[in-house]
Amino acid sequence: MTQTPTVIRLLACAFGAGLTVTALAAGPATAQTQPQAPAPAQARYAGSAEDAAANRAFFDAVLKSVAEKRAANPGAAQVTVTYNASSAPSFRTQIANSTSIWNSSVSNVKLQSTSGGGDFAYYEGNDSRGSYASTNGHGSGYIFLDYAQNQQYDSVRVTAHETGHVLGLPDHYSGPCSELMSGGGPGTSCTNRYPNANEKSRVNSLWANGFAKALQKAEAALR
């Protein structure tokens, strides 16, 4: 992604605070050179009625972004989703670990870093609402990683959780620590960074079945 998106934030999936869907006039919070000290406390998020639809919107935006590539190479058994992490330098290691976790966990989709415009991007900075994944409503999106929250919670878990939204998974705050998408629900002591069997299966199913539909749309547009 070559420019900071001017967005309508659709995905209220904060890792540390309950969000509602809000309209923004600017992109992610301004990044700082070094993470700041964590806030004394952050409210544990509980989700909202908008989350399911918003999560789906982000997944659909990423799916749309890669549909044309699939149309150009319909024989590919695996779809590649690209991301640009240049705007989140403090989280380079966490993003690399999250990518490795997802790529070793699922087979129908692969995450790959790019230095150019990707299907989505990572940003970092300070936001009292915590970390979240968002779509700009125009076929692209980003993951925002909050400094303070990533010091309170296991940072790789936070990153892998938010990346799970890109791949189509919704939040499940009431789930156990063994569920990656339970996010901060189990508390700050939970350090599980891996999706469980059900989460892996759902991602593989979404990218196997959802991509067939995306391919049809892309081919129709190219006629």
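Of the 223 residues that make up the protein chain, 52% count as buried. The model discussed here is a predicted one. The accessible surface of the chain amounts to about 9800 Å², and carbon and sulfur atoms account for 50% of that area. Contacts across the sequence tell a little more about the fold: among those between residues at least 6 apart, 71% join residues at least 24 apart.

Five helices and five strands make up the secondary structure of the protein chain. Read from the N terminus, the elements follow the order α-β-α-β-β-β-β-α-α-α.

Helix α2 rewards a closer look. This helix covers residues 92–105, 14 residues in total. At 1.5 Å a residue, α2 should span 20 Å, and its end C-alpha atoms are indeed 20 Å apart, so the expected and the modelled values agree. The buried residues of α2 are Q94, I95, S98, T99, I101, W102 and S105. Viewed down the helix axis, these buried residues fall within an arc of 160°, and they therefore line one face of α2. The face turned away from that buried side carries R92, T93 and S104, which are exposed.

Charged pairs come next. Side chains of opposite charge can pair when their charged atoms come close. Searching the whole structure turns up two salt bridges. In one of them, the side chains of D127 and R129 meet, with an N to O distance of 2.9 Å. D127 has a relative accessibility of 9% and counts as buried, because residues under 20% are placed in that class. Its partner R129, in contrast, is partly exposed, with a relative accessible area of 29%.

The other salt bridge joins D154 to R193, and its closest N and O atoms are 2.9 Å apart. D154 sits in the loop between α3 (147–152) and α4 (155–166), whereas R193 belongs to the loop between α4 and α5 (197–222). The pair therefore ties together parts of the chain that are 39 residues apart in sequence. As for how much of each partner is covered, D154 counts as buried at 14% relative accessibility, while R193 is partly exposed, with a relative accessible area of 31%. Taken pair by pair, a buried aspartate thus meets a partly exposed arginine in D127 and R129, and likewise in D154 and R193.

Conventions
Residues are numbered from 1 along each chain as its sequence is written. This is a predicted model: local features need pLDDT of at least 70, side-chain atom pairs count only at pLDDT 80 or more; totals for chains, interfaces and linings use all residues. Side-chain values use heavy atoms; hydrogens and water are left out. Helices (H or I, at least four residues) and strands (E, at least two) are DSSP runs, numbered from the N terminus. Buried means under 20% relative accessible area, exposed over 50%, partly exposed in between (1.4 Å probe, protein chains only). Contact means heavy atoms within 4.5 Å. Accessible areas come from the Shrake-Rupley method with a 1.4 Å probe; for residues, only the protein chains shown count as cover. A salt bridge is a side-chain nitrogen of Lys or Arg within 4 Å of a carboxyl oxygen of Asp or Glu. The expected span of a helix is 1.5 Å times one less than its number of residues. The arc is that of the directions from the helix axis to the C-beta atoms.
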